[in-house]
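Me: I would like a close look at one helix in this model. Take me through its surroundings, step by step, and then outward to the sheets.

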Amino acid sequence: MKARRTLAGLTGLIVVGLGLTACGADEGGSGGAGSSLDVLVQANSIYPEQQRKWFSDVSAKFAAETGVTVRFETFASPNDELTKIQTSVLSGQGPDIYSLGTTFTPTAYATGAFVEFTDDDWAKIGGRDKFLPATLGISGPEPGKEVGVPFASRPFVMAYNKELLAAAGIDKPAESWDGLREQAKRLSTGGRYGLAVAYADSFDPWKFIWAMDVQAGNPLVTGGTLRLDDPTTLAAYRSYLGWLATDKVVDPASVGWKNAQAIAAFAAGKAAFLPMVSATSKVTLDASAVAGKYAYAIMPTVPPGASAVAASGRPATSILSGDNLVVAKYSKNKDNALKLIKLLTDPEMQGTYYKTFGELPTNTEAAGALSGDPALAALVESSSKAVGTPFSGAWSQIQLALVNVVVQSIPTLSAGRIDEAKLRSLLAEAQKTGQAALDKAK
């Protein structure tokens, strides 16, 4: 009943009833020939071919060790992710294992439909000590009540073109968002732009708004109260949308860009800064025209319109970001699910995953092997200054509402302007929707 009450609050944002192609593991929890595990993961739009090969390699390796085939299914967007969680929980069938973004783990926990790991469960996958302590920060509401096993760490940073900055007489990226805007203006010349931003991406836009709010002392959720109607949130959207509409420091085509397209523009030397990227970009950039010419830096920590972090704010460089693996309670194959999680979080597989996709390991041993790489210094610093999003079952709906403000602003943004009245109206609607989700999650 708890799961049904929690999920009832999600229907205001998504359409219920989309079926899953996977139908849960085969009968017979002990594995053996013919047994299978169904796993849901995010589709990798940057490295799709590599992901398909990784699926095949994992399934082959696991089958050789256990006789169990792994069948992968993908979701394309947060909305898709949320719908698939909802549909599976209500129907009692679907994937055995879900790979969820950390910000969606609270929603999974709130349903009561996923396995809460016991000490014995942790022992079967190698123990809590196997993982970097920070990566366990959003596995559950508190230690001992975790549903998520850390799989990949994804602190966000900003890539910058060292040659372009040097030519403009800029020593290093600015520490404030206003300072970055001014640097971007100086660098928007000769057919190049200061910033590469993916306005149409399903995952990126809200992270900018959230970071600016936290830095300004508005964490968005305080207890059971949502504060999207706070002036700091309006200022954050003005700054983010203004890079295109008023500052003209991003390519006008970016209103239709996904993350992969923003990375491609920077990789081609067409932008000086690429904010809100993770180590996943490194694989692409090291094989591009900017190889050897770029570096990573932490993103600005001073909010728009300010010269310092607010007294009540935090210098957040990134959300506490990554992917967690969760196991559905309805799975008939829990033992094999734990075996697969152990395999995926062991040092060898974590190292392979990093080399293929650029996702940082959560495994302590695998992460230690990368500690001497100077190219990752900013990522390590960002990880240490990352701030977790609220552990609330309503956060996924709030996150979608934040993105929807940008989605609904695209028409006027495409015309090169910000409609102030519409922006205020969109924020009021997002506040109403998000607060309703918080009320239902209590």
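Reply: The buried residues of α9 pack against five elements: α7 (177-187), β6 (193-195), α8 (205-215), α16 (395-414) and α17 (420-441). Note that this is a predicted model.

Start with the helix itself. Helix α9 covers residues 231-245. Its 15 residues, at 1.5 Å a residue, should span 21 Å; the end C-alpha atoms are 20 Å apart, which agrees. Most of α9 is covered, with eleven of its 15 residues buried. The buried set begins with T233, L234, A236 and Y237. It also includes S239, Y240, L241, G242, W243, L244 and A245. As background, an α-helix has 3.6 residues a turn, so residues three or four places apart point the same way.

Now take Y240. It forms an aromatic pair with Y199. The ring centres are 4.8 Å apart, and the planes meet at 55 degrees. That makes the pair tilted. Y199 is in the loop between β6 and α8, while Y240 is in helix α9, so the pair ties together parts that are 41 residues apart in sequence. Both Y199 and Y240 are buried. The model has 21 aromatic pairs by this rule.

Next, β6, one of the elements packed against α9. It belongs to an open sheet of four strands, ordered β6-β9-β5-β10, with mixed pairing. β6 and β10 (294-297) are the edge strands, each pairing on one side only. From one strand to the next, the twist averages 20 degrees. β6 runs parallel to strand β9 (residues 271-277), and two bridges join them. One bridge partner is easy to find: Y193 is matched with A271 in β9.

For context, turn to the other sheet. This open sheet has six strands in the order β2-β1-β3-β11-β4-β12, again with mixed pairing. Its edges are β2 (69-75) and β12 (360-361), and each pairs on one side only. Strand β1 (residues 36-42) and β2 run parallel, joined by seven bridges. Within β2, E73 stands opposite L40. A helix lies over this sheet too: α2 (residues 48-66) crosses β1, β2 and β4 (149-153). It runs at about 155 degrees to β2.

Finally, the aromatics again. One cluster is formed by Y47, W54, F55, F72, F151, Y353 and F357.

Conventions:
Residues are numbered from 1 along each chain as its sequence is written. This is a predicted model: local features need pLDDT of at least 70, side-chain atom pairs count only at pLDDT 80 or more; totals for chains, interfaces and linings use all residues. Side-chain values use heavy atoms; hydrogens and water are left out. The expected span of a helix is 1.5 Å times one less than its number of residues. Buried means under 20% relative accessible area, exposed over 50%, partly exposed in between (1.4 Å probe, protein chains only). Contact means heavy atoms within 4.5 Å. Two strands pair if DSSP finds at least two bridges between them. Axes are lines fitted to C-alpha atoms, for helices over the stretch in contact, and angles run from 0 to 180 degrees between N-to-C directions. Rings of Phe, Tyr and Trp (its six-membered ring) pair if their centres lie within 6.5 Å; planes under 30 degrees apart count as stacked, over 60 as edge-to-face and the rest as tilted.
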